[in-house]
Amino acid sequence: MDKILMAADAALRTLFARPAASQPSPAQGLAEAPMSEAEQRLSGALMRVNHVGEVCAQALYSAQAMVTRDDHLRAHLIEAAREETDHLAWCRSRLDALGQRPSLLNPLWFAGAFAIGVAAAKVSDKVSLGFVVETENQVSAHLGSHLGRLPDQDLASRAVVQRMKEDEERHAADALEAGAVLLPAPVQHLMRAAAKVMTTTAHYI
């Protein structure tokens, strides 16, 4: 019951509360550069997509922490979720600064990622960690593509995305070290297809 309540608390905090970061945003101290309306919309859309990714990360880690029976792994997942909360807060701050809103479909994204996390964790801890590796690798690649698309003068958003990319790569490496098994190629392709639907939709909605 305690685990279920913790998962419910994570869902409510992620979807309905303003996230509080434990570390200063990489954008702190960087001035907002003048941008055209089109550039500002682009930055806002990309940061909305990144915010959705962090919503999904909260769901995935919360579900895995709820299901696992390994106390050490649970502590590892909870710590990773804490860092993802920082990312969530930084992305939300960038959305506010750019005059943009989070995705209207965040409850749907959270529910889907939570279901995947539960399913993976019920198979085994190693498979659960494998989903972490594949997810973080895909997110890192996605963030790298955003660094190539964000307006050059939007230094604040670029600083946030770069730091997030570094953290996601570390999370993937940590999961591998903890014993993750690499997922079969068909599962990886399915995850990429689902991510493509999510990111394309979140860009606009």
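This report covers the overall fold, three helical salt bridges and one nonpolar surface patch of a predicted model.

## Overall fold

The chain is built from seven helices and zero strands. Read from the N terminus, its elements run α-α-α-α-α-α-α. The radius of gyration is 16 Å, close to the 17 Å given by the globule rule for 205 residues, so the chain is as compact as a globular protein of that length. Along the principal axes, the C-alpha atoms fill a box of roughly 50 × 35 × 30 Å.

Contacts reach far along the sequence. Of those between residues at least 6 apart in the chain, 86% join residues at least 24 apart. Buried residues account for 47% of the 205 residues. The accessible surface comes to about 10,000 Å². Carbon and sulfur atoms hold 61% of that surface.

## Salt bridges

Side chains of opposite charge can pair when their charged atoms come close. A search of the whole structure finds twelve salt bridges. Three of them are set out here.

| Pair | Closest N to O | Helix | Accessibility of the Asp | Accessibility of the Arg |
|---|---|---|---|---|
| R82 and D86 | 3.7 Å | helix 3 | D86, 1% | R82, 32% |
| D96 and R92 | 3.4 Å | helix 3 | D96, 37% | R92, 21% |
| D167 and R163 | 3.3 Å | helix 6 | D167, 7% | R163, 25% |

### Helix 3

Helix 3 spans residues 71-97. Within helix 3, R82 and D86 lie four residues apart, about one turn of the helix. Their closest N and O atoms are 3.7 Å apart, and the two residues form a salt bridge. The cut-off for such a bridge is 4 Å. How do the two partners differ in exposure, buried or partly exposed? R82 has 32% relative accessibility, so R82 counts as partly exposed. D86 has 1%, so D86 counts as buried. The limit for buried is under 20% relative accessible area.

D96 and R92 also belong to helix 3, where four residues, or about one helical turn, separate them. Their side chains meet in a salt bridge at 3.4 Å, N to O. D96 is partly exposed, with a relative accessible area of 37%. R92 is partly exposed as well, at 21% relative accessibility.

### Helix 6

Helix 6 covers residues 155-177. D167 and R163 sit four residues apart in helix 6, which means that about one helical turn separates them. They form a salt bridge, with the closest N and O atoms 3.3 Å apart. D167 is buried, with a relative accessible area of 7%. R163 is partly exposed, with 25%. Which residues are joined with this pair into one network? Salt bridges that share partners link E83, R163, D167 and R170.

## A nonpolar surface patch

Which residues make the nonpolar surface patch? L104, Y204 and I205 do, and the patch measures about 350 Å². I205 is placed in the segment after helix 7, which covers 185-202. The relative accessible area of I205 is 37%, so I205 is partly exposed. Residues in such a patch need over 30% relative accessible area.

How values were computed
Residues are numbered from 1 along each chain as its sequence is written. This is a predicted model: local features need pLDDT of at least 70, side-chain atom pairs count only at pLDDT 80 or more; totals for chains, interfaces and linings use all residues. Side-chain values use heavy atoms; hydrogens and water are left out. Helices (H or I, at least four residues) and strands (E, at least two) are DSSP runs, numbered from the N terminus. Buried means under 20% relative accessible area, exposed over 50%, partly exposed in between (1.4 Å probe, protein chains only). Patches are made of residues with over 30% relative accessible area and no salt bridge: like charges are joined within 9 Å, nonpolar side chains (Val, Leu, Ile, Met, Phe, Trp, Tyr) within 5 Å. Accessible areas come from the Shrake-Rupley method with a 1.4 Å probe; for residues, only the protein chains shown count as cover. The radius of gyration is taken over C-alpha atoms; the globule rule is 2.2 Å times the number of residues to the power 0.38. Contact means heavy atoms within 4.5 Å.
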